[in-house]
Amino acid sequence: MKCRQAFMYGPEDLRIEEVELPELKPDQILIKLGACGICGSDVECFEGKSAEGRYDIAPYVPGHEWAGQAVEVGSAVTSVVPGNKVVGECALACFNCANCKDGKLPSACLNMREVGFRPDSPGGMGEYMILEEAYTHVIPDDWSYELGAWVETFNVGYGGVWYNGCCPDASDTVAIIGGGPIGLCASMVSAESGATVIVIDPLEARRENALKFGADIVVDPTAAPVEEQIKKLTNGRGADVVIECSGNDIGIASLFDIAGNSARVGVIGHSIGRKVPVEIGKTIWKTLHIAGVAGPERWFPRTIRFMSKIKDKYDFAALNTHHFDFEDIHAAFDMAVNHKDIARKVMLTFKD
Ligand SMILES: [Zn+2]
Ligand SMILES: [Zn+2]
């Protein structure tokens with residue numbers, strides 16, 4: 001079967017091509033795409049600023065924030081039937097290598113594939129994609145594809161709070177560094193626990209937006225030293241929980257200053273491949289518990305249940321500020337790359 005898919009060949013070299021899809025293996029699902037978000041990491045790959053997109057073995061089909069409909073399932077598939085709306089995981093474990101057998105996460109898998117970043121695991125920026133059943137999850141029929149396309153992002157924010165063991169409750173003040181998509185998801189998750197949520201971001205538009213997605217208070221880190229601002233808001237205690245979602249050097253360094261004694265700290269902001277100067281000694285004197293995770297395994301079903309519970313409380317659709325038909329993918333990337341100030345989430349849509 002032929003279909004059209006987008007291929008990243010190199011920085012700023014994105015091409016739509018017609019390809020012949022391979023035959024479905026018994027454990028695979030053929031998925032017709034309904035929506036696919038452009039992630040900050042897709043933008044970084046497009047700009048040539050990230051090694052995550054594997055240009056050394058390119059071309060590859062990008063897109064890890066997708067939702068679609070199962071149209072055909074392999075002979076061994078039991079949990080998905082044609083017609084189901086589905087989403088899928090990004091980091092794919094092999095389940096057979098020494099680390100997988102040792103119970104480690106997919107990010108430790110010695111044969112890890114990564115949907116939307118490598119030729120061996122094509123992503124959702126195409127009319128159709130193929131994914132194994134083990135990584136594919138059914139979403140409720142009454143969800144839009146665009147809401148489904150938020151599951152992967154929400155999964156990261158949710159895991160950053162709960163898989164990392166930060167476990168906020170109503171007694172806690174949670175400081176979230178960064179009000180981008182991941183930060184907003186961490187903010188909603190924290191708010192649902194009853195905690196007081198502070199979102200820290202230098203951009204006014206992001207701060208205003210955060211107030212609609214779980215934040216009780218927003219802080220401009222450029223207005224005054226952020227440590228002082230957080231202390232003032234917490235009666236001098238500092239934050240009980242800190243979730244680093246910015247991946248920004250100054251943001252990362254600030255977590256050691258704003259965390260209170262015995263604070264639980266979750267780190268999920270993208271910052272691989274560079275060193276960030278931080279006052280690490282505060283980990284000792286404040287007895288900080290710092291954890292990181294790159295997409296927790298077996299977490300999607302929880303994420304889907306969580307989002308089902310809150311999807312009418314928060315306006316997810318309002319986060320998708322721009323929509324482009326898949327065929328206009330170049331204009332979509334132009335918006336995501338060159339208009340970061342106004343483009344919150346750029347969403348690719350597909351014709352029926
Ligand atoms: Zn992403
Ligand atoms: Zn493995």
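Visitor: How are the donors of the zinc ion (ligand 1) spaced along the chain?
Guide: In this predicted model, the donors of the zinc ion (ligand 1) follow the pattern C-x24-H-E along the chain. Cys39 sits in the loop between β3 (28–38) and α1 (40–46), while His64 sits in the loop between α1 and β4 (65–73), so the pair ties together parts that are 25 residues apart in sequence.

Visitor: And which atoms of the protein are the donors there?
Guide: The protein donors of the zinc ion (ligand 1) are the SG of Cys39, the NE2 of His64 and an OE atom of Glu65, and they lie 2.1 to 2.7 Å from the ion.

Visitor: Is Cys39 buried or exposed?
Guide: Cys39 counts as buried, because its relative accessibility is 16% and the cut-off for buried is under 20%. His64 also counts as buried, with a relative accessibility of 5%.

Visitor: Let's stay with His64 for a moment. How many residues apart along the chain are Val115 and His64?
Guide: Val115 and His64 are 51 residues apart along the chain, and their C-alpha atoms are separated by 5.7 Å. Val115 is found in the loop between β7 (113–114) and β8 (128–132), and with a relative accessible area of 1% Val115 is buried.

Visitor: What about Glu65, which side chain meets it in a salt bridge?
Guide: That is Lys345, whose side chain meets the one of Glu65 in a salt bridge with an N to O distance of 2.8 Å. Lys345 lies in the loop between α11 (329–338) and β17 (346–349), and Glu65 lies in strand β4, so the pair ties together parts that are 280 residues apart in sequence. Both Lys345 and Glu65 are buried, and Glu65 is also one of the donors of the zinc ion (ligand 1).

Visitor: Why can two side chains pair up like that?
Guide: Side chains of opposite charge can pair when their charged atoms come close.

Visitor: How many salt bridges does the count come to?
Guide: The count comes to 21 salt bridges. One of them joins the side chains of Asp56 and Arg54, at 2.9 Å from N to O. Asp56 counts as exposed, with 58% relative accessibility, whereas Arg54 counts as partly exposed, at 25%.

Visitor: Got another one for me?
Guide: The side chains of Lys104 and Asp102 meet in a salt bridge as well, with an N to O distance of 2.9 Å. Lys104 is partly exposed, with a relative accessible area of 39%, and Asp102 counts as exposed, at 52% relative accessibility. Salt bridges that share partners also join Glu47, Lys49 and Lys340 into one network.

Visitor: Back to the metals. Which residues coordinate the zinc ion (ligand 2)?
Guide: The zinc ion (ligand 2) is coordinated by the SG atoms of Cys94, Cys97, Cys100 and Cys109, at 2.3 to 2.4 Å. In sequence these donor residues are spaced C-x2-C-x2-C-x8-C. Among them, Cys97 counts as buried, with 7% relative accessibility.

Visitor: What arrangement do the four donor atoms around the zinc ion (ligand 2) make?
Guide: The arrangement is tetrahedral, because the four donor atoms around the zinc ion (ligand 2) subtend angles of 101 to 119°, and four donors count as tetrahedral if all angles lie between 85 and 135 degrees.

Visitor: Changing topic to helices, at what angle do α7 and α8 pack?
Guide: Helix α7, residues 226–233, and helix α8, residues 249–258, pack at an angle of about 40°, and their axes are 9 Å apart. The two helices α7 and α8 are therefore oblique to each other, and α7 passes α8 in a right-handed crossing.

Visitor: And how far apart are the axes of α4 and α5?
Guide: The axes of helix α4 (residues 151–163) and helix α5 (residues 181–192) are 8 Å apart, and these helices pack at an angle of about 55°. That angle makes α4 oblique to α5, and the crossing of α4 and α5 is right-handed.

Visitor: Last one: where is Asn209?
Guide: Asn209 has its place in helix α6, which covers residues 204–210, and with a relative accessible area of 3% Asn209 is buried. Asn209 and Glu72 are 137 residues apart in sequence, and from C-alpha to C-alpha they are 40 Å apart in space.

Terms used:
Residues numbered from 1 in each chain as written. Chains lettered and ligands numbered in written order. Predicted model: local features only at pLDDT ≥ 70, side-chain atom pairs only at ≥ 80, totals over all residues. Heavy atoms only, no water. Donors = N, O, S within 2.8 Å, 3.2 Å for Na, K, Ca; no water. Helix = DSSP H or I, 4+ residues; strand = E, 2+ residues; numbered from the N terminus. Buried < 20%, exposed > 50% of the residue type's maximum accessible area, 1.4 Å probe, protein only. Tetrahedral: all angles 85-135°; square planar, octahedral: opposite > 155°, others 65-115°. Salt bridge = Lys/Arg side-chain N within 4 Å of Asp/Glu carboxyl O. Axes fitted to C-alpha atoms, helices over the stretch in contact; angles between N-to-C directions. Parallel < 35°, antiparallel > 145°, perpendicular 65-115°, else oblique. Left-handed = near helix turned anticlockwise from the far one by under 90°.
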